[in-house]
Amino acid sequence: MRGLIVHDQEIQEIQEIQYLLKREMDEILFELRDDRFNQIVKTAMEERYQILFKLFTKVASSHRECAHYILPIRKRQKKG
């Protein structure tokens with residue numbers, strides 16, 4: 001277990017970072033459902049999401065909050 005002592009202003013800044021990361025991840029999740037993007041773009045979006053998620057795990061207040069943002073596994077359709 002890790003602990004960190006922060007001032008009130010730093011807590012507010014951490015909460016702001018959490019908000020921004022959540023907002024960006026929500027937007028990416030929404031756009032991943034859009035069929036107008038091709039697979040190359042979606043792959044890049046997933047990579048960006050993973051980076052944001054790793055940052056979020058460092059500032060999230062609980063494991064439950066992180067679990068909510070775990071990227072769902074998509075079933076890739078085979079063209080044939």
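Select D34 and R36 to start: their side chains meet in a salt bridge, 2.7 Å from N to O. This is a predicted model. Color the pair by accessibility. D34 is buried, with a relative accessible area of 18%. R36 is exposed, at 72%.

How many salt bridges does a search of the whole structure find? It finds three.

Next, select E24 and R48. Their side chains form a salt bridge at 3.3 Å, N to O. E24 sits in helix α1 and R48 in helix α2, so the pair ties together parts 24 residues apart in sequence. Both ends are partly exposed: E24 has a relative accessible area of 24%, and R48 has 46%.

Now go to K22 and E65. Here the salt bridge spans 2.5 Å, N to O. K22 belongs to helix α1 and E65 to helix α3 (residues 63-68), so this pair ties together parts that are 43 residues apart in sequence. K22 is partly exposed, with a relative accessible area of 23%. E65 is buried, at 17%.

Stay with these two and add F56. Leaving aside neighbours within four places in sequence, F56 is in contact with both K22 and E65. Its other contacts of this kind are Q18, L21, M25, C66 and Y69.

From F56, move into the largest nonpolar core, which has 14 residues. Which members touch the most others? Select M25, I28, Y49, F53, F56 and Y69. Then show α1 (8-32) and α2 (39-59) as ribbons: these are the elements that give two or more residues to this core.

Technical notes
Residues numbered from 1 in each chain as written. Predicted model: local features only at pLDDT ≥ 70, side-chain atom pairs only at ≥ 80, totals over all residues. Heavy atoms only, no water. Core = buried A, V, L, I, M, F, W, Y, C linked by side-chain atoms within 4.5 Å. Buried < 20%, exposed > 50% of the residue type's maximum accessible area, 1.4 Å probe, protein only. Helix = DSSP H or I, 4+ residues; strand = E, 2+ residues; numbered from the N terminus. Contact = heavy atoms within 4.5 Å. Salt bridge = Lys/Arg side-chain N within 4 Å of Asp/Glu carboxyl O.
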